Amino acid sequence: MTIPRIQLAGLAKRFGSRQVLAGVDLAVMPGESLVIIGGSGTGKSVTLKIILGLIAPDSGSIKVDGHEVVGLKGAALDAHRARFGMLFQGGALFDSLPVWRNVSFALEGSAASRRAAAIDNLARVGLGPEVADLKPSELSGGMQKRVALARAIAPRPPIIFFDEPTAGLDPITAAVINDLIRELATQLKITALTITHDMHSVRTVADRVAMLHGGVIIWQGPLASLDGCDNPYVRQFITGSAHGPIQMPGAR
Ligand SMILES: Nc1ncnc2c1ncn2[C@@H]1O[C@H](COP(=O)(O)OP(=O)(O)OP(=O)(O)O)[C@@H](O)[C@H]1O
């Protein structure tokens, strides 16, 4: 039996009186692209932060390639984190550094070899070498996202987290980024875990979808079974309806 790349079991986290995660069970298989959907504030980002060891869970287990990672500290925690690439919502590029230094930030070696690697990774996201010496602020939002994607793949991490990868992008640029994520994950055999509200992202990027609601995974299944799914929470989410079992503050 294949060991999951990431396996969450009974993951729970409370902030004050708010039980955000109440026993999340979820497995991501090697090379799989799993998308977690769920409304605002359901704990999607908290789940990613707990996996990265940025927030400690109250209880539960996280195994990466079969090894428990909850409670890791020091060098072991650093080694755990080095297995993950991140594409942050805002891109999170360093404005004071030229594009090539952003892309090669986590790479080692001489400046010349890092620059060459940056240019190679920029090509993978459809950007030419002329972009390498520009500052992020000189680029459009879509190009910045590509640069952030090049940076995330540059160290060839086995796992990449995509946090709202299309937030703030126009629909066409968003579609290009979704296609790129799908293509890169497949080509580079990266295990991808994406959190998003964007159903276009879900449909392009996911092999499998899991919905987080009320602190637990209430449904999961292959992308192909999403539209035929009769779970009322999932149906409300994918149709974007104000009416249904999910009640948002201020909804009538
Ligand atoms: N460090 C923290 N301290 C206290 N509460 C927190 C902390 N981090 C997150 N929360 C709370 O946990 C809940 C879940 O937050 P989270 O950011 O994971 O939601 P999300 O599903 O990613 O939402 P969105 O889709 O809007 O980004 C929210 O109520 C948030 O206020």
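In this predicted model, the ligand is surrounded by 13 residues, of which Arg18, Gly41, Lys44, Ser45 and His197 are the closest. By character, the residues of this shell divide into three that are nonpolar, seven that are polar and three that are charged. Two elements, β2 (residues 18-28) and α1, give two or more residues each to the shell around the ligand, and it is α1 that gives the most, with three residues.

Several polar contacts join oxygen atoms of the ligand to the protein backbone. A polar backbone atom of Gly41 lies 2.8 Å from an oxygen atom of the ligand, while for Gly43 the distance between a polar backbone atom and an oxygen atom of the ligand is 3.0 Å. At Val46, a backbone N or O atom is found 2.9 Å from an oxygen atom of the ligand. Taken on its own, the ligand has 640 Å² of accessible area, and the protein covers 61% of this area.

Beyond the ligand shell, the model contains an open sheet of six strands, arranged in the order β6-β7-β8-β3-β9-β10 and with mixed pairing. Because β6 (residues 84-87) and β10 (residues 216-222) stand at the edges and each has a single partner strand, one side of each is left without a neighbour in the sheet. From one strand to the next, the twist of the sheet averages 20°.

Helix α1, which spans residues 44-51, packs on this sheet and touches β3 (residues 33-37), β6, β7 (residues 159-163), β8 (residues 191-195) and β9; the direction of α1 makes an angle of about 145° with that of β8. Helix α1 is thus placed in contact with the sheet as well as being the element that gives the most residues to the shell around the ligand. Helix α5, formed by residues 141-153, also packs on the sheet, where it touches β6 and β7, and its direction makes about 175° with that of β6.

At the β10 edge of the sheet, strand β9 (residues 208-213) pairs with β10 in the antiparallel sense over six bridges. Within this pairing, Ala210 has Gln220 of β10 as its bridge partner, and Leu212 stands opposite Ile217, likewise in β10. The two strands form a hairpin with two residues between them, and in this hairpin Gly214 takes a positive phi near 60°.

Definitions and conventions: Residues numbered from 1 in each chain as written. Predicted model: local features only at pLDDT ≥ 70, side-chain atom pairs only at ≥ 80, totals over all residues. Heavy atoms only, no water. Pairing = 2+ DSSP bridges. Helix = DSSP H or I, 4+ residues; strand = E, 2+ residues; numbered from the N terminus. Axes fitted to C-alpha atoms, helices over the stretch in contact; angles between N-to-C directions. Contact = heavy atoms within 4.5 Å. Near = heavy atom within 4 Å. Polar contact = N/O pair within 3.5 Å; in protein donor to acceptor, adjacent residues only side chain to side chain. Areas by Shrake-Rupley, 256 points an atom, 1.4 Å probe, with all protein chains shown as cover. Nonpolar A, V, L, I, M, F, W, Y, C, P; charged D, E, K, R; others polar.
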